[in-house]
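Let's take a friendly walk through a protein structure and look at how some of its side chains meet. Keep the 3D view open as you read.

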Amino acid sequence: MPAAGGVRRMEPMPHHDSRLTLEAERPPTRPEGRQRIAALDVIRGFALCGILLANVQPIANVGRVVVESRPPAGLDDGHAWLGLLVEQRFFPIFAFLFGIGFSLLLASAEGRAARPRLLLLRRLLLLLAIGVAHLLLWQGDILHAYAIVGLLILLPSTWLPRWTVAILGTLLIVTALIIGDSHFVLIAGLFLAGSALTRYGVIGRMGQSATVPAVLGLVFAVAAAPFLWSQVKSLTSDQDSGASLSMSLGGLLLAGAYVCVLLVLLRTPLRPALRTVFAPLGRMALTNYLTATILVLVAARLVGGRPEDWPVTTVLLITIPVLVVQWLWSTLWLTRYRNGPIEWLWRWATWARRPPLRVAASSDRPGA
């Protein structure tokens, strides 16, 4: 009788171990920390809207990264407002979020795969391939830069202590601001900053209080004010002295203010509306970023004229319909599927195993 009892106590152990072995190579089927991830999706979707607004004219120029310079203008010119509130204000958010997502994926993979960094390597290599392909449509693609910086800086940083990553990120951001026109250095700094904050647990706690983002948002806005004023003055004169630094530093600070405002609003009754509007775009950010290029190129042919001569009203008349189409597409797609089509392929390449795509897959076949 005691021996039989011993057998009964030992039976669950092999069953439990074999299940863990299967889980080790299986991509996660449901996200952890739903509120935190939802907030990141909202911020990502918001940033995607700003990036599209800033990129409509460069994309329409086909073959050139930037729009030809316009003559100095005052704030009565709509393009001046775009330069003040939009240009270089949203790509820092995207880069920061990439660093966050990278560290979140590593943390998830460490509990599920024997070689988690191999997953990240595959992820970055596919992103590089996608970015190079996107370059054929638009030379202003940022994905290949993300992949290169990820391979050279972000992936190696996973072996470093988090305090070292935080210091390196800060130094790279400061260096980028000093030397100017160094997107790769700034991207690397923002990647490391997002990664460090994630590893310190700050990202996991960002939705717990409205006070901290409110105070930080106010600090960012006040700090950005003199740089924005300097940029305004440069718009009405031919003097470019300090304009680059004002644009870059003002952009970083204003980007931080935008994020903080969103975090505060997500703690108010506006949260459902913000999630409805921005989360679908954010969950399919990679798919939407790529398809936006095609949609803008088509719209540019329909509109005609020289893109650098378009008034802001034309830019908006292209941007808004594109975003509406992408929002409808994303919302309808996500009612049936877990990820966007490009995100799903990216996830497949990351885990080297086909993940479930349909929403019903996990409920019909748990653990499939």
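What follows is a short tour of salt bridges, aromatic rings, buried residues and a surface patch. Please remember that this is a predicted model.

**Salt bridges**

How many salt bridges are there? The count comes to 3 salt bridges, and the table lists them with the N to O distance for each.

| Salt bridge | N to O distance |
|---|---|
| D41 and R44 | 2.9 Å |
| R306 and E308 | 3.2 Å |
| D309 and R306 | 2.8 Å |

Start with D41 and R44. These two residues are 3 residues apart in helix α3, so about one helical turn separates them. Both D41 and R44 are buried.

Now turn to R306, which appears in two rows of the table. R306, E308 and D309 are linked in a network of salt bridges. Are the partners R306 and E308 buried or partly exposed? R306 has a relative accessibility of 47%, so it counts as partly exposed. E308, at 5% relative accessibility, counts as buried because the cut-off for buried is under 20%.

**Aromatic rings**

A search of the whole structure finds 10 aromatic pairs. One of them joins F46 and Y258 in an edge-to-face arrangement, with 6.0 Å from centre to centre and 85 degrees between the planes. Why does this pair tie together parts that are 212 residues apart in sequence? The reason is where the two rings sit: F46 lies in helix α3 (residues 34-60), whereas Y258 lies in helix α11 (residues 243-265). Y258 has a relative accessible area of 18%, so this residue is buried. F46 and Y258 also belong to one aromatic cluster, together with F90 and F278.

Rings can have charged neighbours too. The charged end of R123 sits over the ring of W346, 3.7 Å from the ring centre. R117 lies over the face of W159, and here the distance to the ring centre is 4.5 Å.

**Cysteines and other buried residues**

How many disulfides does a search of the whole structure find? It finds 0 disulfides. Two cysteines are worth finding in your view: C49 counts as buried at 16% relative accessibility, and C260 counts as buried at 7%.

Next, find G250 in helix α11. G250 has a relative accessible area of 0%, so this glycine is buried. Its C-alpha atom is separated by 9.2 Å from that of A221, and the two residues are 29 residues apart along the chain.

L190 lies in helix α9 (residues 183-199) and counts as buried, at 7% relative accessibility. In sequence, L190 and G169 are 21 residues apart, yet their C-alpha atoms are 6.5 Å apart in space.

**A nonpolar patch on the surface**

Finally, look at the outside. L160, W163, I167, L168, L171, L197, Y200 and V202 form a nonpolar patch on the surface, with about 680 Å² of accessible area together. Which helix gives the largest share of the nonpolar patch? That is helix α8 (residues 162-179), which contributes 4 residues. L168 has its place in helix α8. With 36% relative accessibility, L168 counts as partly exposed, because partly exposed covers values between under 20% (buried) and over 50% (exposed).

Notes. Residues are numbered from 1 along each chain as its sequence is written. This is a predicted model: local features need pLDDT of at least 70, side-chain atom pairs count only at pLDDT 80 or more; totals for chains, interfaces and linings use all residues. Side-chain values use heavy atoms; hydrogens and water are left out. Patches are made of residues with over 30% relative accessible area and no salt bridge: like charges are joined within 9 Å, nonpolar side chains (Val, Leu, Ile, Met, Phe, Trp, Tyr) within 5 Å. Accessible areas come from the Shrake-Rupley method with a 1.4 Å probe; for residues, only the protein chains shown count as cover. A salt bridge is a side-chain nitrogen of Lys or Arg within 4 Å of a carboxyl oxygen of Asp or Glu. Buried means under 20% relative accessible area, exposed over 50%, partly exposed in between (1.4 Å probe, protein chains only). Rings of Phe, Tyr and Trp (its six-membered ring) pair if their centres lie within 6.5 Å; planes under 30 degrees apart count as stacked, over 60 as edge-to-face and the rest as tilted. A charge sits over a ring if NZ of Lys or CZ of Arg is within 6 Å of the ring centre and within 35 degrees of the ring normal. A disulfide is a pair of cysteine sulfur atoms within 2.5 Å.
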